[in-house]
2 protein chains.
Amino acid sequence: MTITQLQYVLAVAEHQNFTLAAQKSFVTQPTLSMQIQKLEDELEIQIFDRSKKPIQLTEIGKKIVDQARNVVNESGRMQDIVDQQKGFIGGEFKLGIIPTVMPTLLPMFLKTFIKKYPKVNLKIEELSTENIIQRLNEGHLDAAIAATPLEHDHIKERVLYYEPFVGYTTETHRLYEKKELKIEDLDIDDILLLEDGHCFRDGVINLCKTPKSIEEDHFQLESGSFETLIKLSNENLGMTLLPYLHTLDIKESEKKNLRHFEAPRPAREVSLIFHKSELKMQIIEALRNVIMSVVRGAITFHNVEIISPVSK
Amino acid sequence: MTITQLQYVLAVAEHQNFTLAAQKSFVTQPTLSMQIQKLEDELEIQIFDRSKKPIQLTEIGKKIVDQARNVVNESGRMQDIVDQQKGFIGGEFKLGIIPTVMPTLLPMFLKTFIKKYPKVNLKIEELSTENIIQRLNEGHLDAAIAATPLEHDHIKERVLYYEPFVGYTTETHRLYEKKELKIEDLDIDDILLLEDGHCFRDGVINLCKTPKSIEEDHFQLESGSFETLIKLSNENLGMTLLPYLHTLDIKESEKKNLRHFEAPRPAREVSLIFHKSELKMQIIEALRNVIMSVVRGAITFHNVEIISPVSK
DNA sequence: TAAAAACTATCAATAAAACCTATAGTGAAA
DNA sequence: TTTCACTATAGGTTTTATTGATAGTTTTTA
């Protein structure tokens with residue numbers, strides 16, 4: 001049994017296809033086939049059920065793959081240990097960010113981070129929460145920024161900040177005249193929302209569970225951005241909720257439509273998440289420190305009270 | 001980096017000697033030297049400080065060795081998973097047993113165990129607690145039977161039984177006339193004890209901390225067996241304490257000298273211990289079940305009350 | 001239903017590696 | 001100084017991993 005063989009197994013398990021797995025592993029298909037056969041012979045089991053299309057894992061194959069991931073992770077940690085000892089923060093680092101955080105947060109910390117850690121080769125990808133979880137589990141992402149809590153078994157979460165929601169109303173809206181909004185004021189049926197990852201914090205309302213107030217029959221939000229929501233709202237289709245950081249760069253003319261909430265403000269929890277194996281933890285910590293410091297600056301400057309997290 | 005290279009590193013770390021490590025790894029010394037050099041080159045660090053004699057680990061080398069052990073353990077678990085899935089209980093299993101448990105316990109469970117699990121190739125070795133811990137950590141033992149609690153970070157303990165101590169007096173002894181002993185009756189200075197692993201249970205008296213009442217100046221117990229203690233006691237050198245199971249096969253003529261304790265009886269905790277990585281856990285569980293069932297039989301048959309453990 | 005496409009297994013050849021024997025080098029002990 | 005105990009290096013051999021070509025199989029397409 002070799003680490004390479006285990007990596008091949010992981011590749012096939014992921015792609016359910018020997019040919020593709022071979023490409024991703026930068027070897028030819030026969031190489032991969034033979035190495036996996038060798039491993040199967042050595043363990044005297046079948047890892048893959050090749051009769052099914054696409055290829056499936058056998059019952060024991062699933063367990064083997066889980067364990068193979070452990071071994072590969074542990075072997076990867078070797079280089080981490082060396083880097084940590086040398087105080088070296090560098091190498092490739094793949095970060096996923098959910099769409100509703102990407103445009104506001106990324107510009108805030110990116111420059112600072114690459115200046116402070118020039119040897120880190122940061123690869124950032126905009127991904128849905130679902131894809132992020134999958135790729136973290138497969139080891140194709142080193143960390144990600146997403147709305148939490150997610151409560152996935154293999155994923156650890158470190159809160160970066162709580163981002164209050166701000167109401168956006170228009171002149172014709174029933175709440176336009178209010179100076180501050182209360183949670184009770186909201187009517188779930190007249191709020192425009194994006195589909196993904198907008199959860200109110202525990203103890204308030206969980207909007208994730210009643211995802212879209214715009215019924216699919218009427219129309220659908222394609223690549224839902226908050227810009228779109230603001231425009232829809234401007235068309236008097238209802239009010240909307242914007243994460244605080246987004247309100248910092250909307251048009252001056254639209255700022256009059258913003259309505260903050262009374263405390264306790266509804267907020268979303270935004271966290272840095274990563275696999276529980278804690279590979280590349282030095283870079284994750286570095287990233288976390290940079291982000292937390294720039295966000296702290298951004299939010300205290302604008303005098304917004306951050307509500308402390310509710311412990312579960 | 002290969003698993004083999006990591007195994008070589010572990011061997012050298014253990015033996016502090018390339019030549020010996022090579023022998024133990026069943027390769028020649030140059031093979032081992034070159035593979036370790038390759039790994040050091042790949043990681044761009046020195047794992048060993050070859051200038052010191054015997055060879056020492058560098059600062060980072062210690063961390064590398066710890067992690068190497070993780071990787072090797074995780075890869076070893078692969079076969080475990082296969083065995084478990086197949087319901088196969090077999091293969092080599094190395095068990096350590098402390099001297100004061102060996103002669104009474106081994107005959108009780110060995111036959112039953114090898115009959116029930118004929119495919120397990122059991123290798124049993126009598127070892128001191130200290131050696132047991134070391135070998136468990138190095139992966140040279142799969143499990144061991146020892147007096148607990150030990151409270152070692154990397155070692156897990158599963159209690160097998162509580163074995164009461166029984167007093168052994170002789171006619172001239174001040175306690176000979178008593179039918180049942182009390183703990184308060186004991187005078188630490190007139191009890192003959194072995195050096196190793198005889199601990200009274202938590203909450204009673206810990207005899208480990210006052211190891212030998214026979215001063216080293218006078219004489220020393222070589223390979224201390226309870227037979228020796230009984231003989232010394234018969235010479236009127238004092239009373240002694242015997243673990244309950246030992247009292248089952250002393251001479252008929254000597255049984256009149258036994259004095260049980262009043263409840264709560266002082267007892268030693270005897271456990272099956274193993275590395276926290278839980279390799280070969282199926283065999284460990286099998287062994288535990290066999291031992292617990294035979295011990296339960298032995299002790300209930302003789303109508304001895306087992307004191308329930310004190311929770312910490 | 002035949003042809004094409006997509007995919008995996010097998011084979012023989014080659015490149016890479018792991019390993020060996022022999023020996024040189026090195027520091028400690030005699 | 002010599003010996004001893006050990007590790008490193010060199011060159012050759014064996015083993016293993018990988019490849020390109022191709023056969024076999026199933027699914028998709030025409």
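**Exercise 1. Contacts with DNA strand C**

In this predicted model, a polar side-chain atom of Arg50(A) lies 2.3 Å from a phosphate oxygen of DNA strand C. Starting from this pair, work out which residues come nearest to DNA strand C and which parts of the strand face the protein.

*Solution.*
Step 1. Begin with the residues around the strand: there are 17 of them, and those that come nearest are Phe18(A), Thr19(A), Arg50(A), Thr31(B) and Lys38(B).
Step 2. Turn next to the strand itself, where sugar and phosphate account for 71% of the atoms that come within 4 Å of the protein.
Step 3. Look at further individual pairs: an N or O atom in the side chain of Thr19(A) is 2.7 Å from a phosphate oxygen of DNA strand C, while Thr28(B) brings a polar backbone atom to 2.8 Å from a phosphate oxygen of this strand.
Step 4. Place the surface in the fold: α2 (18–24) and α3 of chain A, together with α1 (3–15) and α3 of chain B, each supply at least two residues of the surface near DNA strand C.
Step 5. Sort that surface by class, which gives six nonpolar, nine polar and two charged residues.

**Exercise 2. Contacts with DNA strand D**

Determine which element supplies the largest share of the surface near DNA strand D, and find what part of DNA strand D is 2.9 Å from the side chain of Gln29(B).

*Solution.*
Step 1. The strand has 18 residues around it, and Thr28(A), Thr31(A), Lys38(A), Thr19(B) and Arg50(B) come nearest.
Step 2. At least two residues of the nearby surface are supplied by each of three helices, namely α3 (29–43) of chain A and α2 (18–24) and α3 (29–43) of chain B, and the largest share, five residues, comes from α3(A).
Step 3. For the phosphate oxygens, note that a polar side-chain atom of Thr31(A) lies 2.7 Å from one in DNA strand D, and that a polar side-chain atom of Thr19(B) likewise lies 2.7 Å from a phosphate oxygen of this strand.
Step 4. For Gln29(B), the partner is a base nitrogen of DNA strand D, 2.9 Å from an N or O atom in the side chain.
Step 5. Taking the atoms of DNA strand D within 4 Å of the protein, 74% belong to sugar or phosphate, and the rest belong to bases.
Step 6. By class, the residues of this surface divide into seven nonpolar, eight polar and three charged.

**Exercise 3. How the two chains are related**

Explain what relation connects chain A and chain B, and name the residue of chain B that comes closest to the rotation axis.

*Solution.*
Step 1. A turn of 179° with a shift of 0.1 Å along the axis lays chain B on chain A with an RMSD of 0.2 Å.
Step 2. This is the relation of a two-fold axis.
Step 3. Among the residues of chain B, the one closest to the rotation axis is Val71(B), whose C-alpha is at 2.8 Å.
Step 4. Of the interface residues of chain B, 100% are also interface residues in chain A, so the copies meet through the same surface.

**Exercise 4. The nonpolar core**

Identify the residues with the most contacts inside the largest nonpolar core, and list what Ile64(B) is in contact with beyond its neighbours in sequence.

*Solution.*
Step 1. The largest nonpolar core has 52 residues, and Ile64(A) and Ile64(B) have the most contacts inside it.
Step 2. Helices α1 (3–15), α2, α3 and α4 of chain A, together with α1, α2, α3 and α4 (59–86) of chain B, each supply at least two residues of this core.
Step 3. Leaving aside neighbours within four places in sequence, Ile64(B) is in contact with Met78(A), Ile81(A) and Val82(A) of one chain and with Leu43(B), Ile45(B) and Ile47(B) of the other.

**Exercise 5. Two residues compared with the cut-offs**

Decide whether Thr58(A) and Glu126(B) count as buried, partly exposed or exposed, and describe where each is placed.

*Solution.*
Step 1. Thr58(A) lies in the loop between β2 (56–57) and α4 (59–86) of chain A.
Step 2. Buried means under 20% relative accessible area, and Thr58(A), at 19%, therefore counts as buried.
Step 3. Not counting residues up to four places away in sequence, Thr58(A) touches Gln46(A), Ile47(A), Phe48(A) and Asp49(A).
Step 4. Glu126(B) is in strand β4 (residues 120–126) of chain B, and its relative accessibility of 44% makes it count as partly exposed.
Step 5. With the same exclusion of residues up to four places away, Glu126(B) touches Ile97(B), Ile98(B), Pro99(B) and Met102(B).

Key. Residues numbered from 1 in each chain as written. Chains lettered and ligands numbered in written order. Predicted model: local features only at pLDDT ≥ 70, side-chain atom pairs only at ≥ 80, totals over all residues. Heavy atoms only, no water. Least-squares fit on C-alpha atoms with pLDDT ≥ 70 in both. Contact = heavy atoms within 4.5 Å. Near = heavy atom within 4 Å. Polar contact = N/O pair within 3.5 Å; in protein donor to acceptor, adjacent residues only side chain to side chain. Helix = DSSP H or I, 4+ residues; strand = E, 2+ residues; numbered from the N terminus. Nonpolar A, V, L, I, M, F, W, Y, C, P; charged D, E, K, R; others polar. Buried < 20%, exposed > 50% of the residue type's maximum accessible area, 1.4 Å probe, protein only. Core = buried A, V, L, I, M, F, W, Y, C linked by side-chain atoms within 4.5 Å.
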